[in-house]
Structures are given as structure tokens and as C-alpha cells.
Amino acid sequence: EESSSSGMKKSSSAEQLQKIRTRVMNVIAQQNKAQTDTPPQCCSVAESKKGCAVTKWVDYSFKYGLGYKLSNGTVGVLFNDNTKMILAADEKHVEFSDRERRGGAVSYMTIDSFPESFKKKMTLLKYFKDYMNDNLQDGPDEISQRQQQYVAGLPVLNKWLRTQHAIVFRLNAGVVQVNFFDHTKLILNGPRDTVTYINKNAETTTYFLSDIAKSNHASIDTLSSRIAYASDIIDHMLS
């Protein structure tokens, strides 16, 4: 059964991005004056799992778009026409978002019952899902928590871009993720005020940004430089 809604979103993507930018710049400024003798305390694994991140992705943008899987078990496609389709972790419920300049209306359907006009995109969604399941490794357990029960309003990828050093994902849930080409990853979560860093060995650490702001310890030098890089990328996204 299909229905549509184009209700007001809590805050626009640009507003969320601006909030993250302001917060990150504030953290960097505080860090520059912070003491160097105390390493920040990391969060519990339970906190790491509360966020949302891209754990798999496949770039087919030369033809269709970018397919991805999130840490909550959902699978989505950001199509080249800027429409978005996402399959819930229950592998049944599907949400389709129209392009923002056409109002961004969301249509709700299931993987087995959908209007004929969605047939091609539904086929591509299933293709991306199967391809990623069969060919790509899962993300770290520390950030993965499958959402068992479907709740409407799934997190979705709004934008992505490649830079010289990384691929960058922006989720509508107030998350900016930077996957560096050296196999490290940085996930900034605005609503939870956290930063997660995944090193080359896939070891995952999450900190509250308030704790990062209080520390200039050598143990987080790499993390700090990655946060500064993410700040520059967010500036670029907003310009």
C-alpha cells in the first residue's frame, strides 16, 4: 500500500550541516587551548551503536547512482536524478523520497507491493542489496545495530562526494562520514555530539565531542587532524 507525505522536516539538511560545522569549529578552537596531559575518555560500545553510519557502498554513478548499507541494517540507493529509495532492515518496508526541488515528498510501499512507476528503481535497489551482501564486508560490530522493528522516517543518504583523499557521505540524520582512502574512517554525529574513528585495523573508538574539546593529548593527534579535514569538507559542502 502506497502513501505520500511531504510534511515539514524537523530541520533542513543545510541547517543540520551548519550546526555540525559550528560545533566542530568550536571543538577545534577549544582543543587548541586544552591541556596535553590528559587523553579523552572513550564512550561505551552501547553509545557507538546508537549512531548511524555507512558500512558498505558501491559507486555505480556512471549509470544509476550510489548504493549503500547503513549500520542499522537498511539498504539504500541515491539515484543520479537525486531521488532516494531505502529498504528497512526488515527487508519489507520501502521509502522513496522525491528530489528536494520537487518538494522531497516521501512515498511508502513494500518490496512486494508498489506502483508500476517504481519498478525500475525497485529492481535496482534489490540488485544493489544482493551485490553488497554477496561481495562486500560488513562494517565493525562496534557501530552495527540492526533495527528490528520498522519505524517510518528512515535515515537516508542525502549527498556524497569524492575528494582527493576521501569519499564523504552526508546523512539526513545529522551525520557526516569521511572514508579516507587509507582505510580510516571518521563519523561525526551532530544529534549525539559524538565522533567515531575507525583505524586501518578496523578498531573503532567513539568519543563525545565535549571530551575531545578538553584534550590535546598526543594519542588523538591523528583523530584531531581528521576532524580538521572534515571541517574543511563541511565548509565546502555549505559553500
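**Strands, helices and a loop proline**

In this predicted model, strand S3 and strand S4 (residues 75–79) run antiparallel and are held as a pair by five bridges. Within that pairing, Lys69 sits across from Val75 in S4. The two strands make a hairpin with four residues between them, and Gly73 in this hairpin adopts a positive phi near 95°.

S3 also has a partner in strand S2 (residues 54–60), again antiparallel, this time through six bridges. Lys69 turns up here too, since the residue facing Lys69 of S3 is Lys56. As with S3 and S4, there is a hairpin to look at: S2 and S3 form one with four residues between them. How much of S3 is buried? Six of the six residues of strand S3 (residues 65–70) are buried, so the rest of the structure largely encloses this strand.

Further along the chain comes an open sheet. Its six strands are arranged in the order S8-S9-S10-S11-S12-S13, and the pairing is antiparallel. Which strands stand at the edges? These are S8 (157–162) and S13 (204–208); each has a single partner strand, so one side of each lacks a neighbour in the sheet. On average, neighbouring strands of the sheet are turned by 15° against each other, ignoring direction.

At the S13 end of the order, strand S12 (residues 194–198) is joined to S13 by five bridges, with the two running antiparallel. One of the residue pairs here is Thr194 with Phe208, the latter being its bridge partner in S13.

Two helices pack on this sheet. Helix H1 (residues 13–32) touches S8, strand S9 (166–171), strand S10 (175–180) and strand S11 (185–189), and the direction of H1 makes about 120° with that of S9. Helix H5 (residues 221–238) packs on the sheet as well, with S8, S9, S10, S11, S12 and S13 as the strands touched; the direction of H5 makes about 65° with that of S11.

Finally, there is a proline in a loop. Pro39 lies between H1 and helix H2 (45–49). Is Pro39 buried or exposed? Neither quite fits: Pro39 is partly exposed, at a relative accessible area of 43%, and the range for that label lies between under 20% for buried and over 50% for exposed. What does Pro39 contact beyond its neighbours within four places in sequence? The residues in contact are Ser215, His217 and Ser219. Thr22, on the other hand, is 17 residues from Pro39 along the chain, and their C-alpha atoms are separated by 23 Å.

Definitions and conventions:
Residues are numbered from 1 along each chain as its sequence is written. This is a predicted model: local features need pLDDT of at least 70, side-chain atom pairs count only at pLDDT 80 or more; totals for chains, interfaces and linings use all residues. Side-chain values use heavy atoms; hydrogens and water are left out. Two strands pair if DSSP finds at least two bridges between them. Axes are lines fitted to C-alpha atoms, for helices over the stretch in contact, and angles run from 0 to 180 degrees between N-to-C directions. Contact means heavy atoms within 4.5 Å. Buried means under 20% relative accessible area, exposed over 50%, partly exposed in between (1.4 Å probe, protein chains only).
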